[in-house]
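Trainee: Could you walk me through this model and show me how each label gets justified?
Mentor: Sure, pull it up and ask away.

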Number of protein chains: 4
Amino acid sequence: MTGTGAGIDDDRRAVVLDGSQLTLEAVRLVAAEGYRVEIDEAAAQRVERGYELLGELANQGIPIYGLNRGVGLNKDQEVSAAEQEAFNRNLIYSHAAGVGPYASDIQARAVLLVRLNTMLVGSSGVQLAVPLLYKDMLNAGISPLIPLSGSVGAADIALLSHIGLAVLGEGEVSFRGERIAAAQALADAGLAPVKLMRKDALAIVSSNALSVGTGALALGELKRLLHSADAVLAFSLEAIEGTVSPLDEAVHRLLPFRGAAESAANVRQYLAGGTLTAATGSCKLQDPLSFRSACHVHGAARDAIAYAESLLHIHMNGAEDNPCLVLDEERLVASSSFDITSWTLAMEMVGIAMSHVSKVTSHRSLRLGSPVFTGLNRFLSPAAGTIAFGTMQKTIASLDAEIRGLSQPVSADYLPLAGDMEDHANQTPLVVRKIGDITERLYYLLGMEAMHAAQAIDLRGTHDALGQGTALIYQSIRNVIPMLKADRPLSRDIEEAARRVRAGFAL
Amino acid sequence: MTGTGAGIDDDRRAVVLDGSQLTLEAVRLVAAEGYRVEIDEAAAQRVERGYELLGELANQGIPIYGLNRGVGLNKDQEVSAAEQEAFNRNLIYSHAAGVGPYASDIQARAVLLVRLNTMLVGSSGVQLAVPLLYKDMLNAGISPLIPLSGSVGAADIALLSHIGLAVLGEGEVSFRGERIAAAQALADAGLAPVKLMRKDALAIVSSNALSVGTGALALGELKRLLHSADAVLAFSLEAIEGTVSPLDEAVHRLLPFRGAAESAANVRQYLAGGTLTAATGSCKLQDPLSFRSACHVHGAARDAIAYAESLLHIHMNGAEDNPCLVLDEERLVASSSFDITSWTLAMEMVGIAMSHVSKVTSHRSLRLGSPVFTGLNRFLSPAAGTIAFGTMQKTIASLDAEIRGLSQPVSADYLPLAGDMEDHANQTPLVVRKIGDITERLYYLLGMEAMHAAQAIDLRGTHDALGQGTALIYQSIRNVIPMLKADRPLSRDIEEAARRVRAGFAL
Amino acid sequence: MTGTGAGIDDDRRAVVLDGSQLTLEAVRLVAAEGYRVEIDEAAAQRVERGYELLGELANQGIPIYGLNRGVGLNKDQEVSAAEQEAFNRNLIYSHAAGVGPYASDIQARAVLLVRLNTMLVGSSGVQLAVPLLYKDMLNAGISPLIPLSGSVGAADIALLSHIGLAVLGEGEVSFRGERIAAAQALADAGLAPVKLMRKDALAIVSSNALSVGTGALALGELKRLLHSADAVLAFSLEAIEGTVSPLDEAVHRLLPFRGAAESAANVRQYLAGGTLTAATGSCKLQDPLSFRSACHVHGAARDAIAYAESLLHIHMNGAEDNPCLVLDEERLVASSSFDITSWTLAMEMVGIAMSHVSKVTSHRSLRLGSPVFTGLNRFLSPAAGTIAFGTMQKTIASLDAEIRGLSQPVSADYLPLAGDMEDHANQTPLVVRKIGDITERLYYLLGMEAMHAAQAIDLRGTHDALGQGTALIYQSIRNVIPMLKADRPLSRDIEEAARRVRAGFAL
Amino acid sequence: MTGTGAGIDDDRRAVVLDGSQLTLEAVRLVAAEGYRVEIDEAAAQRVERGYELLGELANQGIPIYGLNRGVGLNKDQEVSAAEQEAFNRNLIYSHAAGVGPYASDIQARAVLLVRLNTMLVGSSGVQLAVPLLYKDMLNAGISPLIPLSGSVGAADIALLSHIGLAVLGEGEVSFRGERIAAAQALADAGLAPVKLMRKDALAIVSSNALSVGTGALALGELKRLLHSADAVLAFSLEAIEGTVSPLDEAVHRLLPFRGAAESAANVRQYLAGGTLTAATGSCKLQDPLSFRSACHVHGAARDAIAYAESLLHIHMNGAEDNPCLVLDEERLVASSSFDITSWTLAMEMVGIAMSHVSKVTSHRSLRLGSPVFTGLNRFLSPAAGTIAFGTMQKTIASLDAEIRGLSQPVSADYLPLAGDMEDHANQTPLVVRKIGDITERLYYLLGMEAMHAAQAIDLRGTHDALGQGTALIYQSIRNVIPMLKADRPLSRDIEEAARRVRAGFAL
C-alpha cells in the first residue's frame with residue numbers, strides 16, 4: 001500500500017478506516033476525489049461487540065438514554081422493547097427539522113465519512129449495518145440531502161437525522177447528479193435500508209459529524225489557500241521590488257514561530273532564481289508592513305489552522321457518543337463529548353486570522369496602486385487618462401469589509417433549549433460556514449492582488465527577472481488576463497484571477 | 001388619477017416621476033409589480049436645462065470634475081473636448097469592477113428607478129437621453145446585470161457602471177427571463193444605446209442608487225414582515241391564553257412611543273372578536289416578556305424603520321450628484337452628497353432592531369414548548385413518547401444566532417482608498433444586503449412560531465374561540481400544515497409556514 | 001420666570017417639575033449645575049390622588065402586583081396588609097444587588113431627578129413623601145451610592161434599590177464630598193426616612209431611571225462634543241487650506257439632511273471672516289473625504305442623537321410604571337412600559353455614529369501629517385530629523401480601535417431570567433456606559449487633531465488669516481500648548497488639548 | 001538552587017535571566033511577589049558583544065535603521081555620529097505619546113522584566129548599561145509610569161518610550177508608593193541615568209514588552225481563575241446533587257482533549273471523599289449542560305490558554321528586535337519580528353473562551369435558582385415571601401453581557417499609519433486589557449455561583465456530605481457570608497464572594 005499513511009492507498013484510490021487515523025487529507029480524497037472507503041476488520045468487530053454489549057446491558061435493566069429511555073427532556077420516559085423500532089423511526093423523523101441551504105455533495109460525503117469513522121471507535125453501540133451502509137453510500141455515490149441550518153453545535157442532531165432518513169430509505173438524496181428519492185437510489189445501487197434498533201437512531205444523530213466534516217474540508221481548503229497567499233505575496237514582492245530580509249532564515253530561527261518560518265520558507269522558494277533574492281545592497285530599508293510583516297500574518301493563520309487541525313484530528317478519531325460505550329470496561333457512561341467548545345474556539349480564531357490575511361492582501365494591492373511605493377503610474381495605469389485599477393480598490397475594500405463581518409465570533413450566541421436543560425452550545429456549523437464564506441472572498445482578493453502584481457511587472461518590464469516560482473505565477477495569470485493597456489471592464493478579469501488562485505500555483 | 005398619491009396611478013398601473021415624491025411603495029410597484037414609469041414634463045425640462053448649463057459652464061473654461069477633468073485621484077488631469085466621448089466610455093469601462101452575487105431583476109429595476117428619479121432633480125447635468133433610456137428599459141423589462149459586491153457605499157460607482165455598460169449597448173442584461181447581450185435586448189425592444197458626453201458617465205456612476213434602491217425594497221419588505229410579526233404574536237397570545245393588558249390603549253397613550261402603539265393596535269385588531277379580549281378577570285398576572293413586551297420590541301423596529309424611511313425619502317428625492325448643479329443659481333458646486341452616513345446608520349439600527357424581533361419570536365416559540373407556560377405537553381407533543389417540536393428548537397436557536405451575527409454593524413470597516421483621498425465610507429450595500437439576509441431567516445422563525453401556536457390551539461381545542469384575525473391565521477397555517485399527531489419530518493412544514501408568513505395574513 | 005422654557009428658571013437657578021416637560025438641558029442644570037428642584041402643585045396633587053386610588057383598588061380585593069402580590073416570579077404569592085411594611089423593606093433589600101463601578105454624584109442626581117419626574121406623571125401610585133424626599137435629597141446635595149452594573153435594562157431594579165436604601169435611611173450616600181451613612185446625611189440635612197407602604201418599594205425600583213438619567217447626561221454631553229467636533233473640523237480646514245464648497249448652503253438645501261446642514265452651518269460660522277471662505281478660485285478640486293464628507297458624518301451623529309433625544313424625551317415625561325395607574329379612568333393596568341427597546345436601539349446607533357466621527361477625526365489628523373495633502377513636512381515636523389507627531393499616530397489609531405470596539409451593540413445579549421419569565425432585555429445601562437467611554441476617547445482624538453491643525457497653521461504662518469471662530473480655537477490651544485519646535489514628550493500636550501475640546505470653543 | 005526550574009530560585013527569592021527560559025510563573029514572581037532579578041553572566045557578555053558588533057557595522061558605513069538612519073518614515077534621513085546622543089534623546093521624547101490609564105506597578109514590573117529578558121537574547125545591540133538599569137530598577141522597586149493606550153501592537157513604541165524617559169532620568173516613576181520624579185527616585189536608590197547611544201533608544205521602544213508583560217500576567221491570572229472555576233463547578237455539582245459520569249476518566253481517555261481531561265480531574269479531586277462520587281445508581285440521567293458540559297468549556301479555555309502560553313513563551317525568549325543582530329553570523333537583518341499576529345490571535349481566542357466560561361457559570365447560577373433542577377425553593381429562598389437571589393440574576397446577566405462585549409475581537413481594527421507604510425497592526429495592548437476586564441467580571445460571576453451553591457447546600461442540610469475540597473469551599477464562603485435566612489442587601493456579599501474566588505480554593 002502506497003500513500004501518505006493514515007490508511008490512504010493512492011494506488012487503489014482507497015482509504016481504509018479504523019476509527020483512529022482519519023486525516024484532513026483523507027477526508028478530501030474521499031469527499032472530493034472519490035476515493036473508495038474500506039473498513040478495517042478489527043474495527044468492524046469492535047462495532048459488533050459494542051452492539052452486543054449494549055444488548056446485554058439493556059437486558060440487565062439498566063436505563064439507557066436513547067434505548068430504553070427517551071432522549072432530551074424525554075429522558076424520563078421509558079421505551080419498551082416492543083416500541084424500539086417505532087421509537088428509532090420517530091427519533092429520526094422528529095429530528096429532521098433542518099432548513100436550507102443544503103450541503104454540497106462533497107460536504108455530505110465528508111459528513112458521512114467522519115461519522116462512519118467515529119462509529120468505528122466502538123463507543124456507539126450501533127449495529128454494524130449502519131456504518132456499512134454509510135460506506136456503501138459513499139462508494140456508490142449516494143449523498144443524503146443535508147440541510148446546513150438547524151444545529152446549535154451540541155451534536156448536529158437536527159441535521160444528521162436527514163442522513164437517518166436515507167438510512168431508512170426515506171427522504172431524498174443526491175445521486176448521479178440528480179435529486180431523487182432515497183429508496184430509489186438505494187435500490188438502483190443494490191443497497192437496502194436498515195431497520196434501526198436499540199440506540200441506532202441516537203447513534204446516527206448524536207454526533208458532530210456535520211460540523212467536523214464540513215470543518216475538515218474548510219480547514220483543508222484554507223491550508224491550500226494560504227499556500228497560494230504566500231505565492232501571491234512572493235509575486236507582489238517582485239512587483240514592488242521589495243526587500244527580502246524579513247524572510248531571512250536567521251531571524252525566524254531566533255524567534256521561532258512555526259507558521260511564520262514556514263511561510264517565509266515558502267516565499268523564498270517562489271522567489272528563488274530571481275533577481276530579488278540575488279540583489280545586494282538594496283537602497284530601500286523598508287517596505288510597507290503588509291509586505292514586510294506578511295509572513296507573520298500568513299504564519300499566524302498557519303499556526304491557528306495547525307492548532308485547529310490538531311483538535312479536529314482528536315475529534316475525528318475519538319469517541320463522540322453520548323452515552324459512550326467503554327468497551328474494555330464493559331460500561332456505558334453518560335458523557336458530554338458532544339461539547340466541542342475547544343475546537344470551535346479554534347475555528348473562531350481561524351476566522352479572525354483570515355480577516356488579517358484579508359487585510360494584508362488588500363493593503364498590498366492598494367500599495368501596488370500607489371506611485372509612492374512603486375515608482376509607477378497611479379493605479380498602475382499604462383498611460384495618462386487611464387483609470388486602470390483605481391475603481392477595483394472599491395471592490396477590494398468592500399470584500400475586506402465582508403470578511404471583517406464574517407470573522408465576528410458567534411459561538412457564544414445561543415439560547416437555552418429544552419426547558420433550559422440544554423444551556424450551552426457552540427453554533428459550530430455556522431462558525432464553519434463562515435470560514436467557507438471568508439475563503440470564497442479571499443480568492444477574489446488574492447486574485448486582484450495578483451492582477452496588480454502582474455501589471456506592475458509588465459509596466460517595469462521585469463518579467464524576465466522573476467524567480468522560478470513567480471515566473472510561473474506570471475504565466476498562469478497572463479494566460480488568461482492580458483496586460484491592461486487601455487481601460488476595459490474588469491469583472492471578468494477578476495473572476496479569472498480568482499479562479500487561478502483557487503487552482504493554486506504549484507511549484 | 002387614482003392612487004396613493006406620490007405620483008402613483010393605480011388605474012393605469014403607472015408611476016409619474018418628477019424627482020420629488022418617490023416613495024418606498026412606488027419603488028415596490030415599479031420594481032416588483034411592473035408598474036410603468038413616466039417622466040413629468042417639467043422635470044424633463046429641468047434635466048435639459050441642466051445639460052445646457054453644464055455646457056455653458058464648461059465653455060467658460062471652469063474646471064469641472066468628470067467633464068474637463070478626470071475623476072478620483074485623476075482629478076488633476078485635463079480632458080479635452082475631443083476626448084470627451086472616449087473619456088466617458090473609459091470611465092464606464094474602468095469602473096465596471098464589481099463581483100457577484102448579482103442583483104435580482106426586481107432589485108435592478110429599483111436601482112434604475114431610483115437613479116432615474118434623482119436625475120430628475122436637475123442637479124446631474126446629464127443629457128436627457130440617459131434618464132429616458134432608463135425609463136424605456138424599465139418599461140421594456142430590460143434589467144442590467146448589476147453585481148452587488150464592489151461598492152464601499154460612497155457612491156456605488158463600481159456597481160452602477162454596469163448599468164452604464166447597458167446604456168452603451170455593452171455587457172449583458174436580463175430580458176424576458178434570459179441573460180442576453182445588452183445590444184440585442186435594446187434592439188429587440190426598439191431602443192438605441194446613448195452616446196455619453198460631458199459628464200454623463202459620471203452622472204451614471206456617481207450615485208448611491210444601488211444602496212438606495214435595494215434599501216428601499218428591503219425596508220418595504222420589513223414593514224410587511226413586521227405586520228406579519230404582529231399577527232403571529234396575536235396568534236401566540238391566543239395559544240398561551242395570554243393577558244392583553246399590555247396592549248391597553250391607555251398605557252400607550254401615557255407613554256406614547258409610536259411604534260409600540262401601532263403594534264399594540266395591530267395585535268388588538270387580530271384578536272378582536274375572540275375570547276381573549278373579551279376575558280375578564282384572568283387569573284394570570286403576567287406572561288413571559290417575549291409576549292408581554294413584544295409590542296415594544298416590534299414597535300422599536302417600527303420606530304427604527306420609520307426613521308430610516310424618512311431619511312431614505314430625502315435621498316431618493318434629492319440632489320445626490322457631485323458636482324452638484326444648482327440650477328436656480330446657475331452654479332456647479334463640488335459637494336459630498338454621496339456620503340450617506342446618516343441613513344446607513346439608520347439601516348444598521350434596523351438590523352439590530354430585527355435581532356431583537358428575532359429574539360422575541362424565538363423565545364415565544366420556546367415558551368410555547370414549555371408546560372410551565374402552557375399547561376400542555378412538553379414540546380406540544382400530542383402524546384407521550386412523541387418528540388414533537390423538541391428538535392425544532394435547535395433550528396430556531398441556530399437561525400437566531402445567524403441573525404445575531406448578521407446584525408453586527410460593518411459600516412465603519414473600510415480602508416482608505418485612492419491614495420488616502422477616499423478615507424471615509426459606509427459599506428452601505430453590505431449593510432442593506434444583511435438586512436435582506438435577516439429578513440429571510442425571520443420568515444422561518446415566525447413560521448415556526450405560528451406552527452407552535454397552531455399546535456397549542458389544537459391541543460387546547462380552542463380554535464373556535466379565536467379572534468377574527470387569528471382565526472384567519474389558523475386557517476392559513478392549517479391549509480398547508482396538518483396538526484402534528486405523530487412525529488414526522490418537519491423541514492417541509494417549516495418551509496410551508498415560512499411561505500405563509502412571507503405572504504402575510506391580510507385582515 | 002426666565003429660562004429656556006421647560007420649567008427652567010435661570011434667574012432662580014431652579015427647575016419646576018410637573019412630569020411633562022423635563023429636557024436634557026434641565027437634567028444637566030440640576031445634575032451638574034446644582035439647580036434647585038421644585039414640584040408643580042398640580043403634579044403633587046396627582047401623585048396624592050394616585051396613592052389614594054391605589055388604596056381604594058386594593059381595598060376592593062383586586063390583586064395588585066407589588067402591593068398585595070409578590071413581584072417577579074413571586075407574583076402568585078399574596079401579601080397581607082400587615083406584611084406591607086416588611087414586604088416593602090424586603091423588596092428594597094433583596095433588590096440591592098448591584099456591583100461597581102458606582103455612579104458619580106452628577107449621574108446619581110440625574111437618576112433621582114428623572115425618577116422624580118416620572119413619578120409626577122401620576123401613574124406610580126407612590127406616596128407623595130417619596131418624590132418629596134427625592135426633591136429634598138437633590139436640593140440638599142445628598143446622592144445615594146448607586147452601582148452601575150446589575151441591571152439588564154428591563155427596569156433598573158437591582159440598581160435603583162440602592163436609592164431605596166437611602167429612602168429607608170440605610171446604606172451609604174455621598175454628601176458634601178464624603179461617603180457617609182444615609183441616616184447620618186438625612187439627619188444632617190434635616191430630612192427623615194420614609195416608611196414605605198403599598199407599592200412604594202416597587203415604585204422606587206420599577207423604573208428605568210438609571211438608564212434614562214445617565215443616558216440623558218451622555219446625550220447632552222455628546223451634543224456639546226459634536227459642536228466641538230465641528231469647530232475642530234473648521235480649524236483643520238484652515239490648516240489644510242481646504243475647499244469649502246461642500247459647506248455650501250445650496251447643496252444642503254437640495255439634499256436636506258438636517259444634521260449635515262446644521263454641521264455645515266456651524267463650520268461656516270467658525271470660518272467666517274477668514275481667508276478660506278473669502279477665497280475665489282482655489283486650484284484644489286477636492287480634499288480627502290475625512291474633510292470633505294465630515295459634515296455628513298458629524299451630521300449623521302446629530303441626526304442619530306436627535307432621534308434618540310426625541311425618544312428619551314417621551315420616556316422622561318411618560319408613565320413608566322408597571323402596573324400603571326390610569327388616573328382618569330381609575331384603573332390599574334399591567335403594562336410592559338419598562339421595555340425600552342426603542343430608545344436603546346437609538347443609543348446603539350449613536351454609539352456606531354460616534355465610531356464614524358472617530359474615524360474621520362483620526363483620518364484628518366493622519367492627513368494633516370502627510371506632505372501629500374499639506375505641502376508641509378511629514379508629521380508636521382518643524383525641521384529635518386524631528387519626528388514631531390509621527391508617533392502620536394499610534395495613539396490615535398489605538399484610541400480609534402478602542403472606540404470601534406465600544407461601538408459594538410450589546411443590547412440583544414441577554415439571558416432569560418426568573419424561570420424564563422423575563423426573556424427579553426436590553427442591557428441599556430451598559431449601552432449608555434459605552435457611550436460615555438467613547439466620549440472620553442473622542443476628547444483625546446479631537447484634541448490631537450487640534451494639535452495637528454495648530455502646528456500646521458504655525459508652520460504656514462497663516463494664523464492671521466483665520467476666521468473669527470478658528471482664531472479663537474487657535475488661541476485656546478496655544479494658550480496651553482506651545483508650537484512644537486523640537487521633539488518633546490507629548491502626553492501632557494495631549495491631555496491639555498483634550499481638556500480644551502471638553503471645555504468647548506464657544507463663539 | 002531550588003525552585004520550579006526556569007531560573008527561579010525560591011530560596012533566595014530570585015530569578016536568573018538569560019534570555020531563554022522566562023516563564024509566566026517567573027514573571028509573576030518578579031512582578032507581583034517581589035523576587036529579585038539577576039542576569040546570567042554569559043547573557044551579559046552576549047549583550048556586550050552585540051553592542052560592539054553594532055559599532056563595527058556602523059563604522060563600515062552600513063545604513064542602520066535607528067542608528068545612522070532615522071526611524072519610521074524618517075528611515076531615509078541620515079544621522080551623524082555627532083547627532084547620536086541628541087537623536088536618541090529625541091527618539092525617546094517624540095515617542096512618549098501615550099495616554100492613560102496607566103499600568104499598575106505590578107504590570108510595569110512585568111514589562112521591564114520581559115524587555116530585559118529579550119535584550120539578553122543578544123539581538124538588540126543595546127549597551128549593557130540599559131538592561132542593567134532595568135534590573136536595578138526592578139530590584140530597587142522603581143516602576144516607570146507607563147500609559148496603556150497609545151500602541152497599536154506593532155511594537156509598543158509610544159508606551160515603552162515612557163520607560164525610556166526614566167532611563168534618561170526624566171518623567172515620573174512610582175517608588176515606595178509614591179509618584180515622584182524619575183531623577184529623584186534613581187538618586188534615592190543610588191542609581192544613575194544612562195546616556196543612550198547607537199540604537200539604544202530604538203532598543204528601548206522597539207519591543208512588544210508592554211503587550212507581552214501585561215499579557216503574561218493576564219494569562220497567569222486566568223490559569224488560576226480556571227482552577228477556581230473548576231472548584232466552584234464541583235461545589236455546584238454538590239449543590240445540585242449532580243451526576244459525575246461526564247467526569248469519568250474513561251470518556252476523556254476515549255476523546256482525549258487535554259484541557260477537558262485536566263478540568264475533569266480537577267473537579268474529581270474537589271469532590272473526592274464526598275457522597276457524590278460515592279453514589280451508585282443515581283436516578284438522574286442528566287444535568288443541565290452548563291453542569292454536564294462544563295469541563296469541556298473550562299477545558300476549552302485551558303486549551304486556548306495553553307496555546308497562547310506556548311506562543312508567548314517563544315516571544316518572551318526570542319529576538320524581537322528590528323533590525324535584528326544575528327550574532328553568530330555577525331549580521332544585522334531588517335526583520336518584522338515586531339508583528340505578533342500569531343499570539344494576538346491566541347489572546348483573542350482566549351477572550352472568546354472566557355465568554356463561554358461566563359455563560360456556563362451564569363447558567364449554573366440560574367439553574368440553581370430554579371426548583372425544576374434543585375427541588376428547592378425558587379431563587380433558593382429560605383421561606384415563602386423571600387425574594388432571596390431573584391434579583392441577583394440581573395447582576396449575573398448584566399455582567400455576562402459585559403463579558404460578551406469584551407470578548408469581541410479588535411485586532412483587525414487598525415488604521416494605516418506613517419504614510420501607509422505601517423499598514424498592519426494588532427491592537428495587542430487592547431486585546432490584553434480586555435482579558436483583564438473579563439477576568440474581573442468573572443470573579444463576580446463565580447462568586448455569585450458559589451453563593452448559590454452554598455445556599456442550596458444549606459437548604460438541603462448536606463454540608464456534611466461534601467467532598468474534602470468542596471467542604472473547604474463551603475467553609476471559605478461561610479466564613480464571610482452567612483446563610484441567607486431573610487432578605488438583605490446583597491452587594492456586600494457579592495463583593496466578599498468575588499474576593500474568595502480571586503484568592504482561590506487551594507486544596
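What follows is a chat about how the terms used for this structure rest on computed values.

Trainee: Before the details, what kind of model is this?
Mentor: It's a predicted model, and local features need pLDDT of at least 70.

Trainee: Okay, chain A. What makes it as compact as a globular protein of that length?
Mentor: Chain A has 20 helices and ten strands. Its radius of gyration is 26 Å, and the globule rule gives 23 Å for 507 residues; the two are close, so chain A counts as compact as a globular protein of that length. For the outline, the C-alpha atoms fill a box of roughly 85 × 50 × 45 Å along the principal axes.

Trainee: How many of the residues of chain A count as buried?
Mentor: The share is 68% of the 507 residues. To be buried, a residue needs 20 or more other C-beta atoms within 10 Å of its own. As for contacts in chain A with a separation of 6 or more, 77% of them come from residues 24 or more positions apart.

Trainee: Into which domains is chain A divided?
Mentor: Domain 1 is 8–207, and domain 2 is 216–326 + 336–503. Their centres, taken over C-alpha atoms, are 36 Å apart.

Trainee: How do you know that domain 1 of chain A touches domain 2 of chain A?
Mentor: Contact here requires C-beta atoms within 7 Å, and 38 residues of domain 1 are in contact with 32 residues of domain 2 in chain A. On the domain 1 side, α1 (24–31), α2 (41–59) and α4 (105–119) of chain A each supply at least two residues. The largest share there, six residues, is from α4(A). By class, that side of domain 1 of chain A divides into 18 nonpolar, 17 polar and three charged residues.

Trainee: Over to chain B. Why is helix α6 of chain B called largely enclosed by the rest of the structure?
Mentor: Use the cut-off again: 20 or more other C-beta atoms within 10 Å. Eleven of the eleven residues of α6 (157–167) of chain B are buried, so the helix is largely enclosed by the rest of the structure. Among the buried ones are Ile157(B), Ser161(B), His162(B), Gly164(B) and Val167(B). Just after α6(B), Gly169(B) takes a positive phi of about 80°.

Trainee: What makes chains C and D a two-fold pair?
Mentor: Look at the operation: a rotation of 180° with 0.0 Å of shift along its axis superposes chain C on chain D, at an RMSD of 0.0 Å. That is the relation of a two-fold axis. The same surface serves both copies, with 100% of the contact residues of chain C recurring in chain D.

Trainee: Which element gives the largest share of the side of chain C that touches chain D?
Mentor: That's α17(C), with twelve residues. The interface itself has 63 residues of chain C in contact with 63 residues of chain D. Elements giving two or more residues on the chain C side include α3 (84–95), α15 (341–368) and α18 (428–460) of chain C. Sorted by class, the chain C side has 30 nonpolar, 25 polar and eight charged residues.

Trainee: How do you know that the same surface serves both copies in chains B and C?
Mentor: 100% of the contact residues of chain B recur in chain C. Chain B can be laid on chain C by a turn of 180° and a shift of 0.0 Å along the axis, with an RMSD of 0.0 Å. In chain B, the C-alpha nearest that axis belongs to Met349(B), 2.8 Å from it.

Trainee: And what is the side of chain B that touches chain C made of?
Mentor: By class, it has 35 nonpolar, 20 polar and 15 charged residues. In total, 70 residues of chain B are in contact with 70 residues of chain C. On the chain B side, α15(B) gives the largest share, 13 residues.

Trainee: Last one, chain D. Why do β1 and β3 of chain D stand at the edges?
Mentor: The sheet is open, with three strands in the order β1-β2-β3 and mixed pairing. β1 (8–9) and β3 (36–39) of chain D each have a single partner strand, so one side of each is left without a neighbour in the sheet. Pairing takes at least two bridges, and β2 (14–17) of chain D pairs with β3(D) in the parallel sense over four bridges. Val16(D) stands opposite Glu38(D) in β3(D).

How values were computed
Residues numbered from 1 in each chain as written. Chains lettered and ligands numbered in written order. Predicted model: local features only at pLDDT ≥ 70, side-chain atom pairs only at ≥ 80, totals over all residues. Contact = placed C-beta atoms within 7 Å. Nonpolar A, V, L, I, M, F, W, Y, C, P; charged D, E, K, R; others polar. Rg over C-alpha atoms; globule rule 2.2 N^0.38 Å. Buried ≥ 20, exposed ≤ 12 C-beta atoms within 10 Å, placed from the backbone. Least-squares fit on C-alpha atoms with pLDDT ≥ 70 in both. Domains from an automatic or database assignment.
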